Amino acid sequence: MHTVIKKKLERFRFVRLLISIYRMKAVRALVPLLIIGLVYLEGQHELKQIHLGKIIHDLKSVPVSSILLMLGISLLSVAVMSTYDYLIRRHFRLQLGWFRTFRYAWIANTFNNMIGFAGLAGAGLRTLLYKRSNVPTSVLAPAIVFLSPLMITGLSLLGWGTISGLLPADRLMQAHHWLVFAVWGMALYLPLFVLLQRSSLFAKWINRGEGRTAWLTVGASVGASLLEWVFAGLTFWFIAGELLGSVPPVTIFSIYVVAAIAGILSMAPGGIGAFDLIALLGLTQLGFKSDHALAVLVIYRLFYYIIPWLIGLVLAALEFGLPGKKGAERSGDKVEAPLTLWQKIWGSPGQYTFLGDLGVWALGKLVLASGLLLLLSAATPELVYRLKVTEELLSLPVMRISHHLSVLIGFMLILLSRGISLRVHRAYIWTSLLLCGGAVFAVTKGFDYEEALFLLLVALILWISRTRFYRISVPLSSKSILGWLLLTSAVALGYYWLGSYTHHGFLKHLPPGIRPEWLRQHSNVAVTAIGGLIFSWLLLILLAALRPQRKADTLAADKDMLRLERFLAEGWGNALSHKLFLGDKSFFWAQEGRVLFAFARVRDKLVVLGDPLGPMSLLRNGISEFRQAADLYGLSVVFYLATPAYLPAYQSQGYRFLKLGEEALVPLADFDAGGLRNASLRSVRSRFEREGYVFEITEALHSAELLRELRLLSEEWLAGRMEKGYALGWFSERYLQQSPLALLRGPGGILLAFASIAPGYDRKKTVSVDLVRHRKDTPDGAMDYLFLCLMEWAKLRGYGSFNLGYAPLFSASCHSGALQEEKLARLVFERGGHGYGFTGLRMYKEKFGPAWEPRYLSYPASVTIPLLTLDLVRLVSRHPEEQE
């Protein structure tokens, strides 16, 4: 029986392990990769038949009239997707104008096409956009929930068309049997959707008690989705017809439906990979060459996805990037949300969140796209007739120099796009100049006026949004530098491969007798790629070396102890204020010097010790002022060991909280060593007094002989361990001279223990112990006697409470609803050397009957808590001499 139960428990644990593994984002990312890999294995034969040079030649030879027709049809299909927004506008009676609704729909739908098929990215952007138009949350949330599941119902209906034979794709599914299950799975989504729409639960929570969804509304919902997918399929068919000649429309449309279903199930952004490979397999089954089939996919991706998305980026940048919003953006009141795995890869806005940085994010991506466009243009051959025109107007050396400079500017724009997203003013200036220069060189290298117009448009949008670029600089971490180095190296490698391969293939397919000298220079691609990469990084390093990041040190320059003494003398201190005399904290004076923030910097964070000091009425404005000053340099402000009274002020700034532990405060008015509760303490005092132990208080300044005694005792107590810092006092003669000391001597006058006394500078509300050290052979109960005498001394001098210090709670943030990040942070705080070993510390302090008051870590939502935790451990563990 015992064995059976044990086996059941093991199976249960195994199931829990599987669930835990599935919840890991990295594992979930493997699903689309596995599907793409499966499709690749089945279609590798067709992929091997592709000749990129031939594709480039075919694309370059497409007539302008056909390009305009294909682009027009694609933009019309994207515009049709706005029916979703008009549907929810009418169903939920949203007070939005027709054009604004269309504009919001275009932004949301094009972003959703690029980032995810399933409608999640679009839902997040709609939430943000409608929130800007003052749509109430009570209306907005049901509208988004209503919209999200209906976006693939049209594809589900088309799946039934495939199953019934109206849209025949038998050859494709017979060759790849797993597609049968994919089509059936998508088809079954429609009846489930209809049942959900007509359910009483949906009526209660989504329709806000107005009854079940009307059949007309359900039909309109499915119709809107069907309209989207039909137009998308017709766009695919029209492009195939323009590039491949006469094609059977129903068969091509059927291939599109199956490919779209595969793309949805892959969960990859835009269905990239799975959709393209299935569509390629279907077209080659019809007898078309792989080169021609891939050309169809390239044009479809370009006209239906990329160009509309670039238009969406422009609209988003203009929507959020108009002048006059600088103050609103920097108020420090917004909350940034964590990103999903795919969003982290793209760096995109979070889903279902109110993100204020969409404008600069879009601008950064426009600059990135500009750099990639320049490199793509330089890597692929120019049109022959344009080269002839350019050669007639300019000399060949000028064209070559323009080509190399275009590559260099492309790499620089890629690198500077990060600075644009981070709103750095110098990045804006350099990017604007490079965009204008890139437009000039795009014309002089091959008369690419389309690229020049795009670059000038991006430069214009940057100028319109110029007030958003206010930061003086941002920290450069080795991790980010390595990441961008790898990215640009990969881009350089791709440029070399694309340039070498396409030029060689393009030359082979030119008509006889046409061999422009410029097209024979494909052997220089490697030199151009390496040169562009190296020179762009050299320029970046030069800019970084000359950047005004050192001005950020002015934030940490103020350590005026005399001003601190005058400020604390006014009674604005707290239990942590005495630690400011350690010399490792910097001071920021806000609200004309009436609010003080004492902080230390670690990486890109300014960690404030405790709460701000000053009048509570000035606190919120003071926090905003400090955050704005830090934000000029891309730094975040964190509050360590924050108290409950200040949490509303932090919460109003969009901060989150992690409970670190509790502080033991002994109310001295109620403390009586002679009471029944303290009988054990009273017996300890009697024993030590009877045996001749002496407690004494020595006022500063202390003698050199006493300081030598204290140092010897401290070194014995440390036993070779390194001193901790920041929130913990360390042995410093200069610091010990700032306050009285409590000493415990044995019968022979030998110093057994000492404690430094830290006044609270709060009109005698609180007094604390700070640095506490004792000998190894100190008898049991000696520290009890020391603390007991200290409390009685503090009570006689009129203090309200005695602070025994902070003790972490092992249960903090470990409840069942705690975030995984918080649990990890808790583990690091407990095990990461954040003190000298806190096990049993709370139990020891309990004997003095304290009141426990919680202490928190207060941090912006944009900060990742595990990284913040490691930074705090690094800060506390930093050698004190490094902090002074």
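Both faces of strand E3 are covered in this predicted model. Lys605, Val607 and Leu609 are buried on one side, and Leu606 and Val608 are buried on the other. Buried means under 20% relative accessible area, exposed means over 50%, and partly exposed lies in between (1.4 Å probe, protein chains only). In a regular strand the side chains alternate between the two faces of the sheet. Strand E3 spans residues 605-609, and five of its five residues are buried, so it is largely enclosed by the rest of the structure. Strands (E, at least two residues) and helices (H or I, at least four) are DSSP runs, numbered from the N terminus. Residues are numbered from 1 along each chain as its sequence is written. Local features need pLDDT of at least 70, side-chain atom pairs count only at pLDDT 80 or more, totals for chains, interfaces and linings use all residues, and side-chain values use heavy atoms, with hydrogens and water left out.

Strand E3 has partners in E2 and E4. Two strands pair if DSSP finds at least two bridges between them. Strand E2 (residues 595-602) pairs with E3 in the antiparallel sense, over four bridges. Ala600 stands opposite Val607 of E3. The two strands form a hairpin with two residues between them. In its turn, Arg603 has a positive phi of about 50°. Strand E4 (residues 636-642) runs parallel to E3, and five bridges join the two. Here Lys605 has Ser636 of E4 as its bridge partner. Between these parallel strands comes a crossover: E3, helix H29 (residues 619-631) and E4 make a right-handed β-α-β unit. Right-handed means that, with the strands pointing away from the viewer, the path from the first strand over the helix to the second runs clockwise.

These strands belong to an open sheet of eleven strands with mixed pairing. The order is E1-E2-E3-E4-E11-E5-E10-E9-E8-E7-E6. Strands E1 (586-590) and E6 (694-698) stand at the edges, each with a single partner strand, so one side of each is left without a neighbour in the sheet. The twist averages 30° from one strand to the next. Helix H29 packs on the sheet and touches E1, E2, E3, E4, E5 (655-667) and E11 (851-860). Contact means heavy atoms within 4.5 Å. The direction of H29 makes about 120° with that of E1. Axes are lines fitted to C-alpha atoms, for helices over the stretch in contact, and angles run from 0 to 180 degrees between N-to-C directions.

At the E6 edge, five bridges join E6 to strand E7 (residues 741-745), and the two run antiparallel. Thr698 stands opposite Leu741 of E7. After E6, the peptide bond from Ala700 to Leu701 is cis, with omega near 10°. Leu701 lies in the loop between E6 and helix H32 (704-718). Strand E7 is also joined to E8, again antiparallel, by five bridges. Ala742 stands opposite Ala755 of E8. The E7-E8 hairpin has five residues between the strands, and Gly749 takes a positive phi near 85°. Strand E8 (residues 751-759) is mostly covered, with nine of its nine residues buried.

Strand E8 pairs with E9 (residues 766-774) in the antiparallel sense over six bridges. Phe754 has Arg773 of E9 as its bridge partner. This hairpin has six residues between the strands. Tyr761 lies in the loop between E8 and E9. Tyr761 has a positive phi of about 50° although it is not a glycine. At 22% relative accessibility, Tyr761 counts as partly exposed. Lys764 lies in the loop between E8 and E9, and has a positive phi of about 65°. At 43% relative accessibility, Lys764 counts as partly exposed. Lys764 also lies over the face of Tyr799, at 5.5 Å from the ring centre. Such a charge sits over a ring if NZ of Lys or CZ of Arg is within 6 Å of the ring centre and within 35 degrees of the ring normal.

Aromatic rings also pair with each other. Rings of Phe, Tyr and Trp (its six-membered ring) pair if their centres lie within 6.5 Å; planes under 30 degrees apart count as stacked, over 60 as edge-to-face and the rest as tilted. The count comes to 31 aromatic pairs. The rings of Phe111 and Trp309 have centres 6.2 Å apart and planes at 70°, so this pair is edge-to-face. Both residues are buried.
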